[in-house]
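Please take a moment with the sequence and the model below, and then follow the paragraphs in order, since each one takes up another part of the chain.

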Amino acid sequence: MDSSRISLRLFKLSDVDDLLKWASDDRVTRYLTWNSITTKEDALTYLETVVIPHPWRRSICLDDRSIGYISIRPESGDDDRCRAHIGYAVAEGYWGQGIMTMALKLAISKVFEDMRESLVRLEALVEVENKGSQRVLEKVGFQKEGLLRKYGFCKAPKASQLSVNLVIFKCGFVLNKSFNLAI
């Protein structure tokens, strides 16, 4: 994939049809905290109330068409603002093409620049079964830090899926040193 075709940008209401294509796919939303979005009306509401107001959520674009997202959520509180959590997804048709790796490199570089005054640690929590996401994080420089047993709850109501084990990954930034993520 030609990296010049991949970009990150703020979401727009006009992304509603593209968002609906990938956000309605249960394979894409399987490991996300939100359920698949199945109607254009719900997609528009989600853009208006969740996506656009978010302080650092970007659309992953291929030739300026939304094919996924990256979200960075800084921790709140005086003791925790040096950390942020990253989440992401990309349309199933683009899995295995290096797009998510390229998009994460762009996002990580940008977020450490945007939050350089406070951010020193970026974390990702990944379900143990989500090997593809673990590989992508390792490719962009995250390090597996540990296993959080029964750490969270899956969105599915099935009793067997009530608590999940998550692998925690970290990406750190050393102040006054360059953070090179060449694509």
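Leaving aside its neighbours within four places in sequence, which residues is S36 in contact with? In this model, which is predicted, S36 is in contact with A23, S24, D25, D26 and T29. The residue itself is placed in the loop between helix 2 and helix 3, and with a relative accessible area of 17% S36 is buried, because buried means under 20%. Two of the residues it touches are also joined to it through polar contacts between side chains: the contact of S36 with D26 is 2.5 Å, and the contact of S36 with T29 is 2.6 Å.

The loop that holds S36 also holds W34, and W34 leads to the aromatic residues of the model. There are 3 aromatic pairs by the rule used here. One of them is formed by W22 and Y69, which are stacked, with 6.1 Å from centre to centre and 15° between the planes. This pair links distant parts of the chain, since W22 belongs to helix 1 (residues 16–23) and Y69 to strand 3 (residues 65–74), 47 residues apart. W22 is buried at a relative accessible area of 3%, and Y69 is likewise counted as buried, at 6%. Y69 also pairs with W34, and here the ring centres are 6.2 Å apart and the planes stand at 50°, so the pair is tilted. Because W34 lies in the loop between helix 2 (26–29) and helix 3 (40–51) while Y69 lies in strand 3, this pair ties together parts of the chain that are 35 residues apart in sequence. Both W34 and Y69 are buried. Taken as a group, W22, W34, Y46 and Y69 are linked by ring pairs into a cluster.

From strand 3 the reader can pass to its neighbour, strand 2. Strand 2 and strand 3 run antiparallel and are joined by 6 bridges; as an example, R58 has I70 in strand 3 as its bridge partner. Strand 2 is also joined to strand 1 (residues 6–9), again in an antiparallel arrangement, by 4 bridges, and in this pairing I6 has L62 of strand 2 as its bridge partner. How many residues of strand 2 are buried? The count is 6 of the 6, so strand 2 is largely enclosed by the rest of the structure. Its residues point in two directions, with R57, S59 and C61 on one side and R58, I60 and L62 on the other, and all of these are buried.

Two residues of strand 2 can be followed further. S59, which lies within residues 57–62 of that strand, has 0% relative accessibility and therefore counts as buried. The side chain of S59 is joined to that of S66 by a polar contact of 2.9 Å, and, not counting residues up to four places away in sequence, S59 touches S7, L8, R9, F11, S66 and G68. R58, for its part, has its charged end over the ring of W56, at 4.3 Å from the centre of that ring.

Between strand 2 and strand 3 the chain turns through a hairpin that has 2 residues between the strands, and there D63 takes a positive phi near 55°. Most residues other than glycine have a negative phi. D63 is not a glycine, yet its phi is positive, and the phi of D64, also a residue other than glycine, is positive too, near 65°. D64, like D63, is placed in the loop between strand 2 and strand 3. D63 is partly exposed, with a relative accessible area of 45%, and D64 counts as partly exposed at 42%.

The last element to visit is helix 5, which spans residues 131–139 and has S133, Q134, V136 and L137 as its buried residues. Seen down the axis of helix 5, these buried residues fall within an arc of 160°, so they line one face of the helix. The face turned away from that buried side carries the exposed residues R135 and K139. Helix 5 is followed by G141, where phi is positive and near 105°.

How values were computed:
Residues are numbered from 1 along each chain as its sequence is written. This is a predicted model: local features need pLDDT of at least 70, side-chain atom pairs count only at pLDDT 80 or more; totals for chains, interfaces and linings use all residues. Side-chain values use heavy atoms; hydrogens and water are left out. Buried means under 20% relative accessible area, exposed over 50%, partly exposed in between (1.4 Å probe, protein chains only). A polar contact is a pair of N or O atoms within 3.5 Å; within protein, one must be able to donate a hydrogen and the other to accept it, and residues adjacent in sequence count only if both atoms are side-chain atoms. Contact means heavy atoms within 4.5 Å. Rings of Phe, Tyr and Trp (its six-membered ring) pair if their centres lie within 6.5 Å; planes under 30 degrees apart count as stacked, over 60 as edge-to-face and the rest as tilted. A charge sits over a ring if NZ of Lys or CZ of Arg is within 6 Å of the ring centre and within 35 degrees of the ring normal. The arc is that of the directions from the helix axis to the C-beta atoms. Two strands pair if DSSP finds at least two bridges between them.
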